[in-house]
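Here is the note you asked for on the model shown below. The points run from the overall layout to single residues.

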Amino acid sequence: MNHSGILKRHRLKVILHGNIDAAIFFVAFGLGTFLRLGVDLWTEKFLIDLPIILAAAFVFVSAAYIAGLYDHSHGRLKTTFAYALALCFLLATAVMVGLLYVTGYSLIGRGVLLISALLGYAGCLLHHALLQRWCRTERDRTAILVTNPDDEQKASQMLDFWQDDFHFVGLIHSDTYVLRDRLRSLGPVSQLTEIVKRHQVQRLICSEDCPRLSSMRQQLCMALYS
């Protein structure tokens with residue numbers, strides 16, 4: 001199954017939103033320092049702790065990735081997601097406190113840490129809420145072409161891992177293949193053009209062998225240029 005493009009897109013999304021989370025974390029601690037200490041001391045104290053803040057931001061993003069917080073395929077915002085995000089923030093803050101204690105030169109106190117952590121948590125929670133909403137509304141309507149049991153199994157795996165990257169409409173099978181899974185069937189490939197129009201399919205995914213089959217190649221060309 002040709003899913004390398006979806007995998008690449010998923011990785012790019014993880015990198016993008018991981019960087020956004022890191023930026024939110026960084027800005028939150030800069031803003032927290034400013035609100036707590038004022039403009040006169042902000043530059044001096046924030047710059048002193050800049051390397052430690054960046055290290056803590058990296059810890060937070062890594063923990064969020066390990067916890068699966070960049071996978072919105074199951075709509076896990078709300079209670080469970082909020083708790084997981086809070087735990088990642090607590091871990092990153094604990095690492096920051098440990099580094100500040102070891103270095104011993106920090107001028108940032110508990111007030112700055114508390115304000116910054118709350119601002120960062122609220123910012124990242126909003127970011128992921130908007131991300132999940134975007135994933136629900138902006139996904140391409142996608143159909144998957146299958147010609148054998150291996151294709152059908154890979155289609156099921158794609159839905160398990162990358163469903164947040166597209167809106168699954170159903171399977172389109174070759175005229176000689178009978179679907180075994182319970183995934184929604186849209187019909188045979190001989191009706192591909194009509195299926196694409198009827199279900200407003202925006203993306204077709206197929207195995208590398210599909211275009212080599214004359215029946216498939218003809219139907220794909222008709223659907224592409226119709």
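1. A definition is needed before the cavity is discussed: helices here are DSSP runs of H or I with at least four residues, strands are E runs of at least two, and both are numbered from the N terminus. The label H1 below follows that numbering. Please also keep in mind that this is a predicted model.

2. Overall layout. The protein has eight helices and four strands. Along the sequence these follow the order α-α-α-α-α-β-α-β-β-α-β-α. Of the 226 residues in the protein, 43% are buried, where buried stands for under 20% relative accessible area.

3. The cavity. How many cavities of 30 Å³ or more does a search of the whole structure find? The search returns one, and the volume of this largest cavity is about 30 Å³. Its lining consists of Lys-13, Val-14, His-17, Tyr-70 and Leu-131. Helix H1, residues 4-37, supplies the largest share of that lining, with three residues. By class, the lining holds three nonpolar residues, one polar and one charged. Tyr is placed among the nonpolar residues in this scheme, which matters for anyone who sorts the lining by another convention.

4. The nonpolar patch. Leu-31, Phe-34, Leu-35, Val-39 and Leu-119 make up a nonpolar patch on the surface, with an area of about 440 Å². H1 again appears here, giving three residues, the largest share of the patch. Leu-119 belongs to helix H5, which covers residues 110-137. The relative accessibility of Leu-119 is 34%, so this residue counts as partly exposed. A patch residue needs over 30% relative accessible area, and Leu-119 at 34% meets that cut-off.

5. The salt bridge. One salt bridge is found in a search of the whole structure. The partners are Lys-154 and Asp-150, whose closest N and O atoms are 3.4 Å apart. The cut-off is 4 Å, so the pair qualifies at 3.4 Å. In general, side chains of opposite charge can pair when their charged atoms come close. Both partners sit in helix H6, residues 149-162, and because they are four residues apart there, about one helical turn separates them. Lys-154 is partly exposed at 27% relative accessibility, and Asp-150 is likewise partly exposed, at 39%.

6. A positive phi. Which residue other than glycine has a phi near 55°? This is Gln-200, and the value is positive. Most residues other than glycine have a negative phi. Gln-200 lies in a loop, between helix H7 (192-199) and strand E4 (203-205). With a relative accessible area of 56%, Gln-200 is exposed.

7. Ile-52 and Val-95. Ile-52 is part of helix H3, residues 50-66. Is Ile-52 buried or exposed? Its relative accessibility is 6%, so Ile-52 counts as buried. Ile-52 and Val-95 are separated by 43 residues in sequence, while their C-alpha atoms are 9.0 Å apart in space.

8. Two residues of helix H4. Helix H4 spans residues 79-103 and contains Ala-82; Leu-87 is in helix H4 as well. Ala-82 counts as buried because its relative accessibility is 16%, which is under the 20% limit. Leu-87, in contrast, is exposed, with a relative accessible area of 56%. As to contacts in space, Ala-82 and His-128 are 46 residues apart in sequence and 9.9 Å apart from C-alpha to C-alpha. For Leu-87 and Ala-63, the sequence separation is 24 residues and the C-alpha to C-alpha distance is 8.9 Å.

Key: Residues numbered from 1 in each chain as written. Predicted model: local features only at pLDDT ≥ 70, side-chain atom pairs only at ≥ 80, totals over all residues. Heavy atoms only, no water. 1 Å grid on protein atoms, 1.4 Å probe; cavity = no way out; pocket = protein on both sides within 12 Å on 5 of 7 lines; lining within 4 Å. Points joined across faces, edges and corners; volume = space filled by probe spheres on them. Buried < 20%, exposed > 50% of the residue type's maximum accessible area, 1.4 Å probe, protein only. Patch = residues over 30% accessible without salt bridge, like charges linked within 9 Å, V, L, I, M, F, W, Y side chains within 5 Å. Areas by Shrake-Rupley, 256 points an atom, 1.4 Å probe, with all protein chains shown as cover. Salt bridge = Lys/Arg side-chain N within 4 Å of Asp/Glu carboxyl O.
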